[in-house]
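Student: Please go through this structure with me, one question at a time, starting with the terms we need.

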Amino acid sequence: MRLYLSTKNKHKITEISSILSDTEILTFDDLPDIEETGTTFKANADIKSKYLSTLVPDEYVIADDSGIVCEALDGKPGVFSARYAHENATDNDNIIKLLDDMKDAVNRKAYFICNISLAKDGAVIASFEGRLNGTIAHEIIGENGFGYDPIFLLEDGRSLAEYSSDEKNKISHRMAALNKLKKLITDNI
Ligand code: IMP
C-alpha cells in the first residue's frame with residue numbers, strides 16, 4: 001500500500017516510516033498551506049487530509065493535528081498549541097506563557113493529544129486518536145524533544161525533555177495514534 005503524508009517535518013516522516021514499515025510513504029513536493037480553522041484536533045486533521053486527498057486521486061492520505069490540553073485552563077492551549085503566545089510564537093514563547101498561565105493552578109493535569117485522519121478522494125475514511133497523560137511542571141526541565149516537552153512531567157517524575165527520542169516514541173500520543181492506524185492498515189486495506 002502507498003500512503004501520502006501531509007507533512008514536511010523530517011522527524012514525523014521518519015517516525016511514521018519506521019512504524020508503518022510495510023507501507024510505501026510518499027510526501028507532497030509542494031505542500032499547500034492549509035488553514036486550520038477547526039475547533040477540534042479531529043476537525044483540523046480532517047480538513048487537511050480531505051483537501052490533500054483531492055490532489056492525488058485514488059491515493060490514501062494521512063494528516064495529523066496535535067497539541068497539549070490543560071485541565072485547569074479549560075482545555076487550553078488546545079488547537080492553538082503551536083501559536084499559544086502569539087501568531088509567530090516560538091516553542092519558548094509558548095512555554096513561558098503556559099508556565100505563567102499555570103502559575104497558581106493547583107490542578108496541573110494535562111495531556112498531549114494527536115489525531116490522525118486517513119482520507120481518499122476527498123472523503124475521510126477513518127481517524128485515530130492517541131493521548132499521553134502527565135502534569136505541567138513549575139519550571140523548564142530537560143533539553144530533548146520540542147514544543148512543550150520541557151514542562152511536561154510523566155509519572156516517573158521526569159519531564160518529556162529528559163526522555164530519549166526512542167523512549168518518547170514508545171509512549172507518545174503520536175505513536176499511540178499511529179499504532180491504531182497501523183492496525184487498520186494491517187487488518188483491512
Ligand atoms: P503539530 O500539530 O504536530 O504541528 O503540533 C502543534 C503544536 O503542539 C506544536 O507546535 C507543539 O507546540 C505541540 N506539540 C505537539 N506534539 C508535541 C510533542 O510531542 N511534544 C511537545 N509539544 C508538542
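Tutor: Helices (H or I, at least four residues) and strands (E, at least two) are taken as DSSP runs and are numbered from the N terminus. Please keep in mind throughout that this is a predicted model.

Student: In which loop does Asp 58 lie?

Tutor: Asp 58 deserves a look at its backbone, since this residue has a positive phi of about 70 degrees although it is not a glycine. In terms of the numbered elements, Asp 58 belongs to the loop between α2 and β3.

Student: Which strands are the edge strands of the sheet?

Tutor: The sheet is open, has six strands and mixed pairing, and follows the order β2-β1-β3-β4-β5-β6. An edge strand pairs on one side only, and the strands that do so are β2 (24–27) and β6 (152–153).

Student: In β6, which residue is the bridge partner of Thr 135?

Tutor: Strand β5 covers residues 123–136, and its pairing with β6 is antiparallel, over two bridges. Within that pairing, the partner that Thr 135 has in β6 is Leu 153.

Student: At about what angle does helix α5 run to β5?

Tutor: Helix α2 (residues 41–55) lies across β3, β4 and β5, and runs at about 160 degrees to β3. Helix α5 (residues 173–188) lies across β1, β3, β4 and β5, and its angle to β5 is about 150 degrees.

Student: How much of the area that the ligand exposes when taken alone does the protein bury?

Tutor: The ligand is surrounded by 15 residues, and Lys 12, Ser 66, Asp 149, Lys 168 and His 173 are the closest. Polar side-chain atoms of Ser 66 and Asp 65 lie 2.7 Å and 3.4 Å, respectively, from an oxygen atom of the ligand, while an N or O atom in the side chain of His 173 is 3.2 Å from a ligand nitrogen atom. Of the 470 Å² that the ligand exposes when taken alone, the protein buries 86%.

Student: How many residues apart are Tyr 4 and Phe 28?

Tutor: Tyr 4 and Phe 28 form an aromatic pair with 5.2 Å from centre to centre and 45 degrees between the planes. Planes under 30 degrees apart would count as stacked and over 60 as edge-to-face, so the pair is tilted. The pair links distant parts of the chain, with Tyr 4 in strand β1 and Phe 28 in the loop between β2 and α2, and their separation is 24 residues.

Student: Is the peptide bond from Lys 76 to Pro 77 cis or trans?

Tutor: Pro 77 is found in the loop between β3 and α3 (91–101). The peptide bond that leads to Pro 77 from Lys 76 has an omega near 0 degrees and is cis.

Terms used
Residues are numbered from 1 along each chain as its sequence is written. This is a predicted model: local features need pLDDT of at least 70, side-chain atom pairs count only at pLDDT 80 or more; totals for chains, interfaces and linings use all residues. Side-chain values use heavy atoms; hydrogens and water are left out. Two strands pair if DSSP finds at least two bridges between them. Contact means heavy atoms within 4.5 Å. Axes are lines fitted to C-alpha atoms, for helices over the stretch in contact, and angles run from 0 to 180 degrees between N-to-C directions. A residue is near a molecule or strand if one of its heavy atoms lies within 4 Å of it. A polar contact is a pair of N or O atoms within 3.5 Å; within protein, one must be able to donate a hydrogen and the other to accept it, and residues adjacent in sequence count only if both atoms are side-chain atoms. Accessible areas come from the Shrake-Rupley method with a 1.4 Å probe; for residues, only the protein chains shown count as cover. Rings of Phe, Tyr and Trp (its six-membered ring) pair if their centres lie within 6.5 Å; planes under 30 degrees apart count as stacked, over 60 as edge-to-face and the rest as tilted.
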